[in-house]
Amino acid sequence: MINKIADSKENGFEWLDMTEPTEEDFAKVANKYNLHPALVNDCLQPDHLPKFERMQHYSFIIFRIYTESDLLEADNIQDLTSTIAIFFCEEFILTIHLKKQSLFKQVIESMEEKMSSSSRELFNILIVYCLNTYEEPLKELSKSVDYYEKMVFLRPKDEPILKGIYYLKRKIDLLKQMLLLSYDIIDKLDSKDEGNVETRDTRDQFIKLQSMLISQSENLHQLLDIYFSVSSQRTNDTIRVLTIFSVFFMPMTFIVGLYGMNFQFMPELKWKLGYPGVLLLIAIINGLIFIWFKRKKWL
């Protein structure tokens, strides 16, 4: 579907928005604006990474925005983000997306509010709203990191902590990668020759989101280290308790095993006080072990 949002007579440039375009739509628009076939092919690839390419008469951008249908266990680029392809020059802007995106309604309202008179201003607004799709998810990811940090230290046994941390780590790492790959787009937008106050704000927003992602990534990696350290400590505590029990039972097992040998000639077999004597011996040995552990501060 092709939607003509801005007209060159009224706005000074054309803006065509293509949603779920067919091959016929692509061919029609490509011929009209003389678009390179390789770039048109890039628009059709849902897993294409962010890129900026400058041609002779226009620039081509692929930006990945955070998807509106976030899945709890999403761990790949296509589940977390969607592509928006932009052909941009002074005369026209062509936006292409394979799924309907609600941010375009906000872009149109912002363009009308600011009375954008150039395609460059509109392009900057588009990039700002693309970046803003990451802001709310980042806040939610921050809350999730705090939640799992609490679970690591308190750790209810019925909570699948490690699985949740894994998917959280995958999300943060993938989003960080998407923003890092988008740096070239922001750098070209806010270049020394063509940058202005608004593009500086766009760069500031990009840096803010990038810093948030880097911070969350570092926090999550530290949380994973703490989780494994705490798990190791708890395992060591369990082994320590079991070792203490085994030390108490080792002499008991030895003595019982010794007197369990049914040889005919054993000196203690005829003793009337043999049974209570063995119990007393076991109690004395365990008492000595208990005193030794107390002095060593192992109990």
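K208 comes out as partly exposed, at 39% relative accessibility, where partly exposed means between the cut-offs for buried (under 20% relative accessible area) and exposed (over 50%), with a 1.4 Å probe and protein chains only. The model is predicted, so local features need pLDDT of at least 70 and side-chain atom pairs count only at pLDDT 80 or more, while totals for chains, interfaces and linings use all residues. Residues are numbered from 1 along each chain as its sequence is written, and side-chain values use heavy atoms, with hydrogens and water left out.

The side chain of K208 meets that of E135 in a salt bridge, at 2.8 Å from N to O; the term stands for a side-chain nitrogen of Lys or Arg within 4 Å of a carboxyl oxygen of Asp or Glu. K208 sits in helix α10 (residues 197-259) and E135 in helix α7 (residues 135-154), so this pair ties together parts that are 73 residues apart in sequence. Helices here are DSSP runs of H or I with at least four residues, strands are runs of E with at least two, and both are numbered from the N terminus. On the E135 side, relative accessibility is 17%, which counts as buried.

By the same rule, the count comes to 12 salt bridges. As general background, side chains of opposite charge can pair when their charged atoms come close. K188 and D184 make one such bridge, with their closest N and O atoms 2.7 Å apart. These two are 4 residues apart in helix α9 (residues 183-189), which puts about one helical turn between K188 and D184. Both partners are partly exposed: K188 has a relative accessible area of 29%, and D184 has 30%. E53 and K51 also pair up through their side chains, at 2.8 Å from N to O, and E53 is partly exposed with a relative accessible area of 29%. Beyond simple pairs, there is a salt-bridge network that links D187, D190, R200 and R203.

Turning to the surface, a nonpolar patch is formed by L280, I284, L288, F290, I291 and L299, which together have about 570 Å² of accessible area. A patch takes residues with over 30% relative accessible area and no salt bridge, joining like charges within 9 Å and nonpolar side chains (Val, Leu, Ile, Met, Phe, Trp, Tyr) within 5 Å. The areas themselves come from the Shrake-Rupley method with a 1.4 Å probe, and for residues only the protein chains shown count as cover. Within the patch, L280 belongs to helix α11 (residues 274-296) and counts as exposed at 52% relative accessibility.

As for internal space, searching the whole structure turns up 1 cavity of 30 Å³ or more. A cavity is a set of points, on a 1 Å grid over the protein atoms alone, where a 1.4 Å probe fits but cannot get out; lining residues have an atom within 4 Å of a point. Grid points are joined across faces, edges and corners, and the volume is the space filled by probe spheres set on the points. The largest cavity has a volume of about 40 Å³, and its lining consists of D42, C43, Q45, I62, T83, A85, I96, H97 and L98. Two or more of the lining residues come from each of α3 (37-43), β5 (81-88) and β6 (92-97). By class, the lining splits into 5 nonpolar, 3 polar and 1 charged, with Ala, Val, Leu, Ile, Met, Phe, Trp, Tyr, Cys and Pro taken as nonpolar, Asp, Glu, Lys and Arg as charged, and the others, Gly among them, as polar.

On the backbone side, N34 has a phi near 55°, a positive value in a residue other than glycine. N34 is in the loop between α2 (23-33) and α3, and with 59% relative accessibility it counts as exposed.

A few separations help to place the helices. L179 is in helix α8 (residues 161-181) and is buried, with a relative accessible area of 0%. From L179 to E198, 19 residues along the chain, the C-alpha atoms are 19 Å apart. Helix α10 contains T253, which is exposed at 56% relative accessibility. T253 and I282 lie 29 residues apart in sequence, with 9.7 Å between their C-alpha atoms. D201 is found in helix α10 and is partly exposed, with a relative accessible area of 47%. Between D201 and D146, 55 residues apart in sequence, the C-alpha distance is 29 Å.

Technical notes. On a 1 Å grid over the protein atoms alone, a cavity is a set of points where a 1.4 Å probe fits but cannot get out, and a pocket is an open set with protein on both sides within 12 Å along at least five of seven lines; lining residues have an atom within 4 Å of a point.
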